[in-house]
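Biologist: Could you walk me through this one? I have the structure open and a few quick questions.

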Amino acid sequence: MLLSMTGYGKAEYTFSDHKTIVEIRSLNSKQLDLTLKASGLFRDKEAAIRAMLTSPLERGKVDVTIYTQDLGEQSKEFAPINREAFKYYYKELVSLQTELGIPANADLVSSVMRMPEVCKSANSEIVLDDKEWELLQDAIQRALQDFVAFRTQEGASLERMFTEKLNGISTLLAEVEPYEKNRVNNIKQRLLANLDKLAEETKQAVDQNRLEAELIYYLEKLDITEEKVRLTNHIRYFFEVMNDQTTGVGKKLGFVAQEMGREINTLGSKSNQSEMQIIVVKMKDILEQIKEQVLNVL
C-alpha cells in the first residue's frame, strides 16, 4: 500500500463566540519539515500540538494552520476602551499639535484609537479554556484522519501509474529479444567479412582457432542476458515493495528505480543496433517518469 506525501486535511469546532479551523497541507520532502501557524490563543500549546503531529505525518513539507473566526457581532464580548490609555495618548497628541503647529481640527480620535492598549483592557490576558483544549485536540485528530485518507487516495493513484509504467518497461524489454538474436548474427557476419577482406589484402590466412576464441570473447562482451535478468528482477521487486503493507517505502522505491536505470543504461551501451537503442530510449523515458513520481511516495 502506497501513501503519497501530498495531502490535505481539515477539521473545525465551535466554542463560545468563535469557530476554530485546523488545516494540514503537505508536499514532498526528504525529511519532515513541519511549519505550525497558530493564533495567539493556542501559543502556549504549540509544543504539545507539534508532538501530536510529528509521528502521524512521518515525512514531507507540512504546513499546519490553526486559526479562529468570530461568529458575529451578537456573540462578541467587546473589549472595553482603556480610558486611561486613551486620555494619555490624546493629551500627548494635542500637545504635539500645539508644538508643531498642526491644525486643531485634525482627527485625533481615530489616531488615538489605533494606539497600543487603547481598545484592550490593561489587565486582560488570553487564556485557553481546558474544554477548548480538548476540542482542539479532537479537531487535530480529525484533521489528521482526513489528511491520511487524502494521502491514501493519492497513493492509490500513484500505484496505478507505477503498475502501468513498469508493465510498459517489461513490454519493451520483450521487444529486445528478436533484435538481440539478429544483432549477434549480424555482428559475427560483419567481423568475418572484414577478416576475409583483410586476409585477401595481406595474403595471410586467418587462424581459425584464434578467430573463434576472439569471436566468443567479443560476443560475450555484448551479451545482455544478465542485464535483462537483473532488470526483470528489479521490476518484480519494485512491485513487491509497492505492495508492502508498511509505510515509508518511498526511499526504497527510489533505490530500486536507480538500479533499474543502471541496467537500462548498460543495455543501451551494449545494444550496438539502432532498433535496440530506440527501445532503450523509450525505457529511459518511462523510468524518468517513475523516478519523478517516486519522490511523492511517503
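**Pocket and helix packing**

Modeller: Start with the pocket lining. This is a predicted model. In the second largest pocket, the lining residues divide into 6 nonpolar, 5 polar and 4 charged.

Biologist: How much space lies in the second largest pocket?

Modeller: About 380 Å³. Its lining has 15 residues, and the closest to the centre are G250, K251, G254, V294 and L295.

Biologist: Which elements give two or more residues to that lining?

Modeller: Those are α7, residues 250-271, and α8, residues 274-294.

Biologist: And which gives the most?

Modeller: α7 does, with 6 residues.

Biologist: Let's stay with those two helices. At what angle do the axes of α7 and α8 cross?

Modeller: Roughly 165°, and the axes come within 10 Å. That makes α7 roughly antiparallel to α8, because an angle over 145 degrees counts as such.

Biologist: Left-handed or right-handed crossing for α7 and α8?

Modeller: The crossing is left-handed.

Biologist: Which residues of α7 and α8 meet?

Modeller: On the α7 side, G250, L253, G254, A257, Q258, M260, G261, I264, N265, L267, G268 and S271. On the α8 side, M276, Q277, V280, M283, K284, L287, K291 and V294. G250, G254 and V294 also appear among the residues closest to the pocket centre.

Biologist: How do the residues of that α7 and α8 contact divide by class?

Modeller: Into 10 nonpolar, 8 polar and 2 charged.

Biologist: Switching topic, to α6. How do the axes of α6 and α7 cross?

Modeller: Helix α6 covers residues 225-242. The axes of α6 and α7 come within 9 Å and cross at roughly 160°. α6 and α7 are therefore roughly antiparallel to each other. Their crossing is left-handed.

Biologist: Which residues does α6 bring to α7?

Modeller: E227, K228, R230, L231, H234, I235, Y237, F238, V241 and M242. They meet K252, L253, V256, E259, M260, E263, I264, T266, L267 and K270 in α7.

Biologist: What is the class split for the contact of α6 with α7?

Modeller: It has 11 nonpolar, 2 polar and 7 charged residues.

Biologist: I see some α7 names from before. Which ones meet α6 and also meet α8?

Modeller: Among them are L253, M260, I264 and L267, which meet α6 and also meet α8.

Methods:
Residues numbered from 1 in each chain as written. Predicted model: local features only at pLDDT ≥ 70, side-chain atom pairs only at ≥ 80, totals over all residues. Heavy atoms only, no water. 1 Å grid on protein atoms, 1.4 Å probe; cavity = no way out; pocket = protein on both sides within 12 Å on 5 of 7 lines; lining within 4 Å. Points joined across faces, edges and corners; volume = space filled by probe spheres on them. Helix = DSSP H or I, 4+ residues; strand = E, 2+ residues; numbered from the N terminus. Nonpolar A, V, L, I, M, F, W, Y, C, P; charged D, E, K, R; others polar. Axes fitted to C-alpha atoms, helices over the stretch in contact; angles between N-to-C directions. Parallel < 35°, antiparallel > 145°, perpendicular 65-115°, else oblique. Left-handed = near helix turned anticlockwise from the far one by under 90°. Contact = heavy atoms within 4.5 Å.
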